[in-house]
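Subject: Structure handover

Hello,

Here is the structure I said I would pass on. Please open it first, then read the notes below.

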Amino acid sequence: MTSILRAWPALLAATALTSCVTMPAEEETSAYGAFLAARYAGVNRDAAGAADYYLEALDRLPGNSVLADRAFITSVIAGDLDRASALAVSASEAGDPSRLATLFRASDRISRHDYRTALSVLDAAPDYGPYNTFFQDILRHWALMGAGRGDEALTEVGDMQAPGFLASHLWLHKAMLFEAAGNPAAAEAAYRSAVFTSTFRRLSTEMYGGFLMREGRRAEAATLFETYLEDDPNEASIQALYEAASQGRRAPRRPDIPGLAARAVLGPTADLAAQADMDLTIIYMRMVQRMDPDLAPLHIVLAGSLDRIGLHDLALAEYASVPEGPFRLGAQIDRIVLMATLGRIEAAHAAARDLAERTGAAEAILLYADMSRISGEWAAAVDLYGQAMALNREQGLPDDWRYHYFRASCYLMLDNWEAAEAEYLAALELAPGQSTVLNDLGYMWIDRGERVDEAFEMIAQAADMAPENGNVIDSLGWAYYQLGHYDLAVQELERAAELNPGSATANYHLGDAYWQVGRRLEAGFQWRRAIDLGPTDEQREGLEYRLEHGQPPEHTPVYAANGDAPADTAEVPEP
C-alpha cells in the first residue's frame, strides 16, 4: 500500500459503508432506527438501501454532519448522482467530514459548465490530503480554463507537483490543457511524454492520435495507432481510430471542458482502483462519471471495482450503461460473465444467445458456446465453437487452443471419444506446453488404457508445471493407480485431496488407492466423503457399489491388460 493511502485513515473510516459511528444519546429514537437500518443495509452491500435510510435519518435530524455525509456518500456509491449533488451541498455546509463533498460539488458544477461556482467551491475547500489535493488542482485548472482564465491554468499547472504514482498522469493533463489553450507545439510535446510514461497508455494514445488528426497529420496518427496495436491487437477503440486515420475519415472532436477534466482524472483514479478496491475509489469514479456520463472506459473500470467490493448489481448496471461504440461489446460480454459467476446461469445463457445473434461477433459466439456448454447443451456448443473458429480464420486471426479444448470436453459428454481425441490433439498442437490439455488428454488415455507411456509423460509434465493444481495431481495419482503402483498413487492422491478437499473425484480415487494398500477403514471414509461432495451420477453409482460391497471392483493395471509389461515392473518415474 502506498504512502498516499496510509495518510488517509480518517478518510477511509468515513467512507466505508460498514464503519461504526456512535449516535449521540439525545438523538430521537426514530432517527437512530433509520441510522441502524442504514448500517445494516451497508453491511449487506445494499448501497441504495443504505442511502435511503441515511436520508430518512437526515430528514428527521437536519443539519447533522454525520448523517449528511453518510447520506451523500452512499448516494454517490449507489449511483444516484442527482440526489448526491443536493446532498453534497448539505454535507459540505455541515463541515464535509469525509473531505469528499466539496470535490463532488466542484465536479458537479464543472459538468454544468458553471466554472465560476466550481472555483468558489474549490477555493473554500477544507484541508485535503495528497490525493484529494491532486484531484482538486486538476479540477481547478479546468474550471479556470472554462472560465476563460487559461493563462492562470497554465501557470498553475507548470508549478504543480504530483506525489508517487500520480506524477506520470500529469503529462496528459498538461497536454490537454495546452491543446485547449491553442498551443499545439507544447501540447504535442506533452502528449509524447504522456504516451511514453503513462500507466494508462490507451487513453494517452487515443488523445494524442486525435490531436494529430485534428492537426491534419493523419499518417502520423495512423502510425501511432498501429504501433499501439502491435502490442495490443485486440483493443477495439484504437483499432477504430486506426481505421479512421488510415482511411482519411473525419478527426474525432475534442471533448468539451467537462470531458477533458474527466479524462484528466480518469487515469489516476483507475490507478488508485488497481491498488486498492474500496468504497473510496468508487466515489472518485463517480465524480469522473458526473463530468462525462458517456465516458465508456470509466463505466468498465467502475463496474470492475463495484464487482470486487461486492456491489454486484451496481456493477451489472454499469456494464449495461456503456454506450454504443468499440467498448460496448466487451462490456456486454463482461456483464454476462458476471451474471454467470453470480449463479444466474439461465439469464446469462439467454443474454449470450441474444448477443451472439445480434452481433455475429466471434467473441459473442464463443461466449454463447461457453454458456451452452455450462448449461449442458453440448451438441449446440460444439457447433458454436466451430462457428467462432471459422470466423476467426476468415479474419486472419490465429487459431485458439481453447476452442478445441472446450469442444473436446463437449464431445466427451456426447460419448464421441474419437472426435474428442482429435480436438485434444489439435489443442495440443497449438499449445504444446498447456498443462490443462496435457493433463486431460493424458488422463483419458490412461483411463482407457491407450498410449500409456506417452500419457504418463504428459501427466507428469503437467504436474511439474502446475504442482499446486489439485486436479492435475489427482490425474498423476490416478495414473499411478492405473499402472498398479498403489503406494505412489496414495502419496499423490493424498496430496490431491489436500489441495482440492471439495473434489468428489479426488476423494473417490483416494478411497480406491487406500483399499488397494490395505487401509480399508480409511477407504470407506473417503468413499463416504466423496458421496457427500456432489459426485456425478456415474461416480455416485460406483461409490454406492463400494459402500455396499466394502471394496471396489477388481482392478487390472493397464500395462498388464495391454500385455506390454507386468504392472510391478513397469518403468514409472518416481515423484
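One residue to start from is Glu-188, which counts as buried because its relative accessibility is 14%, under the 20% limit for that class. Glu-188 has a salt bridge with Arg-217, and the closest N and O atoms of the two are 2.7 Å apart. Glu-188 belongs to helix α12 (residues 184-197), while Arg-217 sits in the loop between α13 (201-214) and α14 (218-231), so this pair ties together parts that are 29 residues apart in sequence. Please keep in mind throughout that this is a predicted model.

Arg-217 itself is partly exposed, since its relative accessibility comes to 23%. A salt bridge also joins the side chains of Arg-217 and Glu-220, at 2.8 Å from N to O. Glu-220 has a relative accessible area of 38% and is therefore partly exposed.

The overall picture

The protein has 575 residues, and 53% of them count as buried. Its secondary structure consists of 33 helices and zero strands. Taken along the principal axes, the C-alpha atoms fill a box of roughly 90 × 70 × 40 Å. About 25400 Å² of the protein is exposed, and carbon and sulfur atoms supply 48% of that area. As for contacts between residues at least 6 apart in sequence, 56% of them join residues at least 24 apart.

Charges and salt bridges

The protein carries 46 positive and 84 negative charges, and the mean positions of the two sets are 9 Å apart. Side chains of opposite charge can pair when their charged atoms come close. How many salt bridges does the structure hold? There are 33 of them.

Besides the two formed by Arg-217, a salt bridge links the side chains of Arg-448 and Glu-450, with 3.1 Å from N to O. Both ends of this pair are partly exposed: Arg-448 has a relative accessible area of 41%, and Glu-450 has one of 25%.

Elsewhere, salt bridges link a network of six residues, namely Asp-82, Asp-108, Arg-109, Arg-112, Asp-114 and Arg-290.

A patch of negative charge is found on the surface, made up of Asp-537, Glu-538, Glu-541, Glu-544 and Glu-548. One of these, Glu-538, lies in helix α32 (residues 537-549). Glu-538 counts as exposed because its relative accessibility is 69%, and the limit for that class is over 50%.

Two backbone angles to look at

Which residue in the loop between α7 (101-111) and α8 (115-123) should you look up? That residue is His-113. His-113 is not a glycine, yet it has a positive phi of about 65 degrees. Its relative accessibility is 44%, so His-113 counts as partly exposed.

Asp-415 also has a positive phi without being a glycine, with a value near 60 degrees. Asp-415 is located in the loop between α24 (401-413) and α25 (417-430). With a relative accessible area of 71%, Asp-415 is exposed.

If you want a short route through the model, begin with the salt bridge between Arg-217 and Glu-188, go on to the negative patch that includes Glu-538, and finish at the loops that hold His-113 and Asp-415.

Regards

Note on methods. Residues are numbered from 1 along each chain as its sequence is written. This is a predicted model: local features need pLDDT of at least 70, side-chain atom pairs count only at pLDDT 80 or more; totals for chains, interfaces and linings use all residues. Side-chain values use heavy atoms; hydrogens and water are left out. Patches are made of residues with over 30% relative accessible area and no salt bridge: like charges are joined within 9 Å, nonpolar side chains (Val, Leu, Ile, Met, Phe, Trp, Tyr) within 5 Å. Accessible areas come from the Shrake-Rupley method with a 1.4 Å probe; for residues, only the protein chains shown count as cover. A salt bridge is a side-chain nitrogen of Lys or Arg within 4 Å of a carboxyl oxygen of Asp or Glu. Lys and Arg count as positive and Asp and Glu as negative; His and the chain ends are not counted. The place of a charge is taken as NZ of Lys, CZ of Arg, CG of Asp or CD of Glu. Helices (H or I, at least four residues) and strands (E, at least two) are DSSP runs, numbered from the N terminus. Buried means under 20% relative accessible area, exposed over 50%, partly exposed in between (1.4 Å probe, protein chains only). Contact means heavy atoms within 4.5 Å.
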